[in-house]
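Trainee: I have a new structure to read. Could you take me through its features one by one?

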There are 2 protein chains.
Amino acid sequence: MNENKAEIFRRIQLFAGLSTPELEAIASHAVEKRYRSGDVLFNEGEECDGLYVIAQGAVKIYKTSMAGREMTIALEQAPGTVAELPMFDGGAYPASVAAINDVRAILIPKREFSQVCRQYPDVALKVLAVVGKRLRHLVTTLESVTFGSVRQRLAKLLLDTSDQAGSNTFPLPMTHQELASRLGTVREVVSRNLSRFQVEGLIGISERQIAIANRTGLEREAATEL
Amino acid sequence: MNENKAEIFRRIQLFAGLSTPELEAIASHAVEKRYRSGDVLFNEGEECDGLYVIAQGAVKIYKTSMAGREMTIALEQAPGTVAELPMFDGGAYPASVAAINDVRAILIPKREFSQVCRQYPDVALKVLAVVGKRLRHLVTTLESVTFGSVRQRLAKLLLDTSDQAGSNTFPLPMTHQELASRLGTVREVVSRNLSRFQVEGLIGISERQIAIANRTGLEREAATEL
DNA sequence: TTCCCTCTGTGACTTCGGTCATAGGTAAGA
DNA sequence: TCTTACCTATGACCGAAGTCACAGAGGGAA
């Protein structure tokens, strides 16, 4: 069972460079957990209990407003980790995390993990690299929210998704609601902007499939005046 | 001269726990730099050359839009550090940093610093703590920009400034322009909202002094529906 | 099939924020 | 003192985006 966990750890960038016995030592203190789509791993404000390694599935990191609106800060897929950082500044979780499909996660208790970091400086440096990426991403998001429009962000997201799919035609990978959450807006606005893109001939929509009809046009939309 | 730098390092949280010889070893590779108000320490997108220790003065971390708008992401005062993180994920600086008054800074080259982190794991952990705080702050900012209004952010900023000053009356510490930049908006909107607060009796303004007239009222404004 | 539930599309309306233009204030320097 | 820059205040205007309301579509499950 522990070899099992250790096996998973091997796939996590954070632990690259650790030997098998080391991984097994960590694994022996770790707890496996399972979640189903929608289950919450932890809520914003809760005391931080440790590092979550996502072994299978994907999660979203998000914040919720009083009014009930939700904004997705980031997605994280297996193999990956969440909550690397609140472990170190001693505070609570700054955001909530929930499963977006069936998830298998491994919780490494705070104490263990900071032990590991102290013992293997390389792990700490890896954590820094991961956190660095996160911070970079957050800065970009903040920038596009302050300077940009929903239209721009939507255009960019469509292009990114298309690139990721490796094709101009791809299934819309989420509901408008989720899309809105990722863009920091509401359902209706997403719906409207998608329609607009369609009537402008930039994209085609049918059967939940998006087809990028005018790539350069869309790119122009995504770029203008960020 | 090096003892001088080492002396400064002693005041930096990052280096708490290092001995004097260790500090001096680091100092021997560090370069002192001076800037005057408005001078740019480095620009977004530039290759990361090292960690800046702010020995004296204060700097702002900011991003600029195509259209010329500027948004301040964070302020950092002596004794403090900037650019801790891009050192670790190998990328460029994600934002620009400029002096907001006369600044004395010490640049520790990338190579040296990652050396130190590897050698003294505690330093790496401290860096993580600092970066963690930054990330936390960013998440909060992003939240208030997505969910909140300029009015709310302004109210909050006034309250914070007042708390910091320890008095209900305090000089407005910056121009409306700078305020706007910190709130992610433009000068006129700040101006308008300040006026509004005044006519609503929440604050008083005279001679660049702000007086919080109705604290609970302002707090209500800051809080509503974040 | 029928019922329910979730997702989607759209119109009407409101408000906030951003832009532009303009005018008065203040402070430093020639 | 006058001049020059930079701040600040304010009105007019416009457009984006959020809210509300409702209607249709689709997809299970019984």
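Trainee: Which element gives the largest share of the surface near DNA strand C?
Mentor: This is a predicted model, so keep that in mind throughout. The largest share comes from α7(A), with six residues.

Trainee: Which other elements supply residues there?
Mentor: Both protein chains take part. From chain A, α6 (176–183) and α7 (187–199) each supply at least two residues. From chain B, α6 (150–165) and α8 (187–199) do likewise.

Trainee: How many residues surround DNA strand C, and which are the closest?
Mentor: There are 18 residues around the strand. The closest are T175(A) and H176(A) from one chain, and S149(B), V150(B) and T185(B) from the other.

Trainee: What is the make-up of that surface by class?
Mentor: Count each class in turn. The surface near DNA strand C has seven polar residues, six nonpolar and five charged.

Trainee: Now the two protein chains. How do I read the way they meet?
Mentor: The size of an interface is often given as the accessible area lost when the parts come together. Here we count residues instead. Chain A gives 39 residues to the contact, and chain B gives 39 residues.

Trainee: Which elements of chain B supply the side that touches chain A?
Mentor: Four elements each supply at least two residues: β5 (70–77), α3 (86–89), α4 (110–119) and α5 (121–147). Of these, α5(B) gives the most, with 20 residues.

Trainee: And how do the residues on that side divide by class?
Mentor: On the side of chain B that touches chain A, 24 are nonpolar, nine are charged and six are polar.

Trainee: How are the two copies related in space?
Mentor: Start with the general idea. Two copies of a chain are related by a rotation about an axis and a shift along it. In this model, a rotation of 180° superposes chain B on chain A, with 0.0 Å of shift along the axis and an RMSD of 0.0 Å. The two copies are therefore related as by a two-fold rotation axis. The same surface serves both copies, as 100% of the contact residues of chain B recur in chain A.

Trainee: Let us turn to the backbone. Where are the cis peptide bonds in chains A and B?
Mentor: Look at omega. In chain A, a cis peptide bond joins A78(A) and P79(A), with omega about -5°. P79(A) sits in the loop between β5 (70–77) and β6 (80–82) of chain A. In chain B, a cis peptide bond joins A78(B) and P79(B), again with omega about -5°. P79(B) belongs to the loop between β5 and β6 (80–82) of that chain.

Trainee: What is notable about phi of A83(B)?
Mentor: Phi is near 70°, a positive value in a residue other than glycine. A83(B) is in the loop between β6 and α3 of chain B.

Trainee: Is A83(B) buried or exposed?
Mentor: Count the neighbours. A83(B) has 22 other C-beta atoms within 10 Å, so it is buried.

Trainee: What about R208(B): what is its phi, and is it buried or exposed?
Mentor: R208(B) has phi near 60°, a positive value in a residue other than glycine. It lies in the loop between β10 (203–206) and β11 (209–212) of chain B. R208(B) has 9 C-beta neighbours inside 10 Å, so it counts as exposed.

Trainee: One last residue. Where is G17(A)?
Mentor: G17(A) is in the loop between α1 (2–10) and α2 (20–27) of chain A. With 12 C-beta neighbours inside 10 Å, G17(A) counts as exposed. G17(A) and L183(A) are 166 residues apart along the chain, and their C-alpha atoms are separated by 37 Å.

Methods:
Residues are numbered from 1 along each chain as its sequence is written. Chains are lettered from A and ligands numbered from 1 in the order in which they are written. This is a predicted model: local features need pLDDT of at least 70, side-chain atom pairs count only at pLDDT 80 or more; totals for chains, interfaces and linings use all residues. Two residues are in contact if their C-beta atoms, placed from the backbone, lie within 7 Å. Ala, Val, Leu, Ile, Met, Phe, Trp, Tyr, Cys and Pro count as nonpolar, Asp, Glu, Lys and Arg as charged, and the others, Gly among them, as polar. Copies are superposed by least squares on the C-alpha atoms of residues with pLDDT of at least 70 in both. A residue is buried if 20 or more other C-beta atoms lie within 10 Å of its own, exposed if 12 or fewer, and partly exposed in between; C-beta atoms are placed from the backbone. A residue is near a molecule or strand if its C-beta atom, placed from the backbone, lies within 6 Å of it.
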